[in-house]
Amino acid sequence: MSDMFVSLGTWNWLIFGFILMALETIAPGVFLFWLGLAALLVGLISFAVHLSWQIQLVMFAVFAAAAVPVWRRLARPKVDESASPFLNKRTEALLGREFTLEKPIIDGNGTVRIGDTVWRVAGPDTPAGTRVKVVQVDGANLTVAAA
């Protein structure tokens, strides 16, 4: 078994790297690609510097482990905040808009219908049917003022 490791050479690493990358095309998942890239790097470094098989194995492990954060950074989808600035911030999209009160605001509480949802609103006492403007949002609670 140790003879196998002692005989690890540059060409073995390069062939191993290409085999791993070829296997990636058969079983895609972008896992074997990074292991193949690590093997290729060890093979290329072995061309320039003669290293013992122990150092070659350690280098392979380090390159393979370093490939994980690199892959995560490269694979992270780019989100364009300007395309949908209120994604997952539904209440902030209501700030400054005007709506008609569905139920009057009595003792500081009332409701307004926005689309198919009834929202609780807080503000000064106002009769139903009055146009109000959203001036502040806090979670699912809207604070309104007369428009």
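**Close-up views of a predicted model**

**View 1. Phe47 sits in helix H3 and belongs to a nonpolar surface patch.** Let's begin with one residue: Phe47 is found in helix H3. This is a predicted model, so keep that in mind as you look around. Is Phe47 buried, partly exposed or exposed? Its relative accessible area is 48%, so Phe47 counts as partly exposed, because the partly exposed range runs from 20% to 50%. Together with Trp11, Ile15, Ile19, Leu23, Ile26, Leu41 and Leu44, Phe47 makes a nonpolar surface patch of about 840 Å². Helix H2 (10-26) and helix H3 (32-48) each supply at least two residues of this patch. The largest share, 5 residues, comes from H2.

**View 2. Helix H3 has a buried side too.** Now look for the residues of H3 that are hidden from the surface: Trp34, Gly36, Ala38, Ala39, Leu40, Val42, Gly43 and Ser46 are its buried residues. What do they pack against? Their partners are H2 and helix H4 (53-75). You can also check the length of H3 yourself. With 17 residues at 1.5 Å a residue, H3 should span 24 Å, because the expected span is 1.5 Å times one less than the number of residues. The end C-alpha atoms of H3 are 25 Å apart, which agrees.

**View 3. Five strands contribute to the largest nonpolar core.** This core has 12 residues in all, including Leu94, Phe99, Trp119 and Val132. Two or more of its residues come from each of strand S1 (98-106), strand S2 (109-114), strand S3 (117-122), strand S4 (131-138) and strand S5 (141-146). S1 gives the largest share, 3 residues. Apart from this core lies another, of 8 residues, among them Trp13, Leu51, Phe60 and Ala64.

**View 4. Val121 touches residues from elsewhere in the chain.** Val121 is one of the residues of the largest nonpolar core. Which residues does Val121 contact, leaving aside its neighbours within four places in sequence? They are Leu101, Ile105, Gly108, Asn109, Gly110, Thr111, Val112, Leu142 and Val144.

**View 5. Glu102 and Arg113 form a salt bridge.** Side chains of opposite charge can pair when their charged atoms come close. How many salt bridges does a search of the whole structure find? The search finds 1. In the pair formed by Glu102 and Arg113, the closest N and O atoms are 2.9 Å apart. Glu102 lies in strand S1 and Arg113 in strand S2, 11 residues apart, and the pair links distant parts of the chain. Glu102 is partly exposed at 34% relative accessibility, and Arg113 is partly exposed at 42%.

Conventions
Residues are numbered from 1 along each chain as its sequence is written. This is a predicted model: local features need pLDDT of at least 70, side-chain atom pairs count only at pLDDT 80 or more; totals for chains, interfaces and linings use all residues. Side-chain values use heavy atoms; hydrogens and water are left out. A nonpolar core is a set of buried Ala, Val, Leu, Ile, Met, Phe, Trp, Tyr and Cys residues joined through side-chain atoms within 4.5 Å. Buried means under 20% relative accessible area, exposed over 50%, partly exposed in between (1.4 Å probe, protein chains only). Helices (H or I, at least four residues) and strands (E, at least two) are DSSP runs, numbered from the N terminus. Contact means heavy atoms within 4.5 Å. Patches are made of residues with over 30% relative accessible area and no salt bridge: like charges are joined within 9 Å, nonpolar side chains (Val, Leu, Ile, Met, Phe, Trp, Tyr) within 5 Å. Accessible areas come from the Shrake-Rupley method with a 1.4 Å probe; for residues, only the protein chains shown count as cover. A salt bridge is a side-chain nitrogen of Lys or Arg within 4 Å of a carboxyl oxygen of Asp or Glu.
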